[in-house]
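User: I am new to this structure and would like to learn how to read a helix and its surroundings. Could you take me through one slowly?

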Amino acid sequence: MITFPIAKINLGLNVVGRRPDGYHNLETVFYPVQIKDALELTMMNTRFPSDVDCDIKVTNLSVEGDEQRNLVVRAYQLLKQDFPQMPRIHAHLWKGIPTQAGMGGGSSDCAYTIRLLNEMFTLGLSDEQMIGYAARLGADCPFFILSQPAYAEGIGERLQPVSLDLSRYYIGVVRPDIPVPTREAFALVKPRKPAKCCREVVSQPVGTWRDELVNDFEQSVFALHPEIGAIKQQLYDLGAVYAAMSGSGSAVFGLFCSPIDLAAHFDAGVFTYCDRLI
């Protein structure tokens with residue numbers, strides 16, 4: 001069976017405090033974007049090594065790290081603990097969501113694996129149960145179980161639905177070839193409470209967001225990588241109503257009232273995307 005994990009953007013991202021466990025408490029609004037991976041799960045046959053329950057082949061874009069630590073494999077292993085009847089699985093993951101971009105590609109792959117395993121093997125898991133499994137694997141993972149606009153607190157796992165329709169806008173995304181490690185980004189940010197919660201700001205007209213909807217990672221990331229900050233300004237120069245870095249970067253997005261050919265404005269080899277929002 002095959003499924004198509006999607007990406008997300010952050011509409012505001014505020015780091016509001018440090019936690020005793022070493023993580024940070026956040027406030028953000030997640031919004032889905034139709035940049036997609038393709039994930040196909042098939043049952044292993046006898047050609048596969050007998051000592052592996054789940055393996056993965058990643059194509060199109062490279063993904064760093066041990067394949068057995070990939071969130072697709074870890075999602076299978078987590079469910080296998082409670083559902084030992086699941087057969088051995090081979091995963092083929094075609095990556096279309098840029099990596100190390102702050103767009104949640106790995107988290108989405110994880111959540112969509114849980115959803116697909118639940119469907120393939122009739123596990124009977126509710127949305128709430130799948131969200132619970134996803135939360136054990138990553139802070140952004142629970143959002144992708146439903147992939148609907150949501151306000152998130154805690155480390156990103158506490159979700160509340162948000163009534164937000166941006167379908168009249170086009171989203172343009174630019175991801176420069178500048179990886180921003182999440183650990184590095186968090187180490188440089190200073191926790192603080194925003195003057196106005198992002199959930200409140202996104203209820204206002206989009207034209208008001210530029211001055212009030214803030215990603216706290218931008219200050220430190222732009223200082224280290226001025227090229228990323230320059231992309232945000234260029235999106236405004238091209239007519240964006242609102243522009244920001246997504247997550248801890250390095251992707252930057254802009255909301256436009258009409259489609260725009262971003263590839264014509266940025267160097268060849270830089271990831272660009274433009275389509276209507278859902």
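Analyst: Let us begin with touching: contact means heavy atoms within 4.5 Å. The model here is a predicted one, and in it Lys-232, leaving aside residues up to four places away in sequence, touches Glu-218, Phe-222, Ala-243, Ala-244 and Val-252.

User: Which side chain makes a polar contact with the side chain of Lys-232, and in which helix is Lys-232 placed?

Analyst: The polar contact, at 2.7 Å, is with the side chain of Glu-218, while Lys-232 itself lies in helix H9, which covers residues 226-237. H9 has 12 residues, and the distance from its first C-alpha to its last is 16 Å, close to the 16 Å expected at 1.5 Å a residue.

User: Why are the buried residues of H9 on the same side?

Analyst: The general idea is that an α-helix has 3.6 residues a turn, so residues three or four places apart point the same way. In this case the buried residues of H9 are Ile-228, Gly-229, Ile-231, Lys-232, Leu-235 and Tyr-236. They cover an arc of only 150 degrees around the axis, and therefore they sit on the same side of H9. The face turned away from that buried side carries the exposed residues Pro-226 and Asp-237.

User: What do the buried residues of H9 pack against?

Analyst: Their partners are strand S9 (170-175), helix H7 (209-212), helix H8 (217-224), strand S10 (242-245) and strand S11 (252-256). As you follow the chain onward, notice also that Gly-239, just after H9, takes a positive phi of about 110 degrees.

How values were computed: Residues numbered from 1 in each chain as written. Predicted model: local features only at pLDDT ≥ 70, side-chain atom pairs only at ≥ 80, totals over all residues. Heavy atoms only, no water. Helix = DSSP H or I, 4+ residues; strand = E, 2+ residues; numbered from the N terminus. Polar contact = N/O pair within 3.5 Å; in protein donor to acceptor, adjacent residues only side chain to side chain. Expected span 1.5 Å × (residues − 1). Buried < 20%, exposed > 50% of the residue type's maximum accessible area, 1.4 Å probe, protein only. Arc of directions from axis to C-beta.
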